[in-house]
Amino acid sequence: MKGALIHMKFIISGKHINVTDALKEKIKKKLGKVGKYFSESTEAQVTMSVEKVRQIIEVTIHYNGVVFRAEVATDDMYSSIDKAVDILERQIRKNKTRLEKRLHKDAFKSIEDSENEQSAIEEEHNYEVVKSKKFAIKPMTVEEAILQMNLVGHEFFVFSNADTKEVNVVYKRKDNNYGLIEPEF
């Protein structure tokens, strides 16, 4: 595990928080636990922020076309860091079989298959689509799409962007702002 701590790259930033050396060391030590799943050049982007009493950490790891992400808000940054690492480990273990070909070679050989881990995190074997829906997509602006999304009470809305002629998605973010997803080919 020491190798993962040394070789995994960390980009650590803060919003409305002084990112101390102690916080940086905690992040590197804790994220080093998931570093064993990735190659040495993998980059972990970590953003810490404070909103009133909420201590928020966002961790994003891009690796081999797969994005791992965790966002946690608690009243203590150290607790948020611990929970974010738990979320990332759970994502990796839950999708172990699908990820084995894409993650670092032999990444899963170091996992101890104890009874506790097996029962606590059961691997998901099948993705099941429980509902399928077809609908006409009409060209509209981003603002119109957000209005439509809010009118139907959804968290996201698929539309044809009148400006770019591409299929886009607008979505409601946890911070009550809006996001836009645009395809890139």
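Hi everyone, this is a short walk through the sheet, one salt bridge and a surface patch in the structure above.

A word on the source: this is a predicted model, where local features need pLDDT of at least 70, side-chain atom pairs count only at pLDDT 80 or more, and totals for chains, interfaces and linings use all residues. Residues are numbered from 1 along each chain as its sequence is written, and side-chain values use heavy atoms, with hydrogens and water left out.

Let's start with the sheet. Four strands make an open, mixed sheet in the order 5-6-7-8. Helices (H or I, at least four residues) and strands (E, at least two) are DSSP runs numbered from the N terminus, and two strands pair if DSSP finds at least two bridges between them. Strand 5 and strand 8 (178–181) are the edges, each pairing on one side only.

Now across the sheet. Strand 5 (139–140) runs parallel to strand 6, joined by two bridges, and Met140 stands opposite Asn161 in strand 6. To get from strand 5 to strand 6, the chain passes through helix 6 in a right-handed β-α-β crossover; right-handed here means that, with the strands pointing away from the viewer, the path from the first strand over the helix to the second runs clockwise.

Strand 6 then pairs with strand 7 in the antiparallel sense over five bridges, with Phe156 opposite Tyr171 in strand 7. Their hairpin has five residues between the strands, and Lys165 there takes a positive phi near 65°. Strand 7 (residues 167–172) and strand 8 are also paired in the antiparallel sense, over four bridges. Val169 has Ile181 in strand 8 as its bridge partner.

Which strands does helix 6 touch? Helix 6 (residues 142–152) packs on the sheet and touches strand 5, strand 6 (156–161), strand 7 and strand 8, where contact means heavy atoms within 4.5 Å.

Next, charges. There are six salt bridges, counting a side-chain nitrogen of Lys or Arg within 4 Å of a carboxyl oxygen of Asp or Glu. One of them joins Lys26 and Asp82, whose closest N and O atoms are 3.2 Å apart. Because Lys26 sits in helix 2 (residues 21–35) and Asp82 in helix 3 (residues 77–94), this pair ties together parts that are 56 residues apart in sequence.

Last, the surface. Phe135, in the loop between helix 5 (115–120) and strand 5, joins Ile137 and Val167 in a nonpolar surface patch with about 270 Å² of accessible area together. Patch residues have over 30% relative accessible area and no salt bridge, with like charges joined within 9 Å and nonpolar side chains (Val, Leu, Ile, Met, Phe, Trp, Tyr) within 5 Å. Accessible areas come from the Shrake-Rupley method with a 1.4 Å probe, and for residues only the protein chains shown count as cover.

Thanks for listening!

Technical notes:
Axes are lines fitted to C-alpha atoms, for helices over the stretch in contact, and angles run from 0 to 180 degrees between N-to-C directions.
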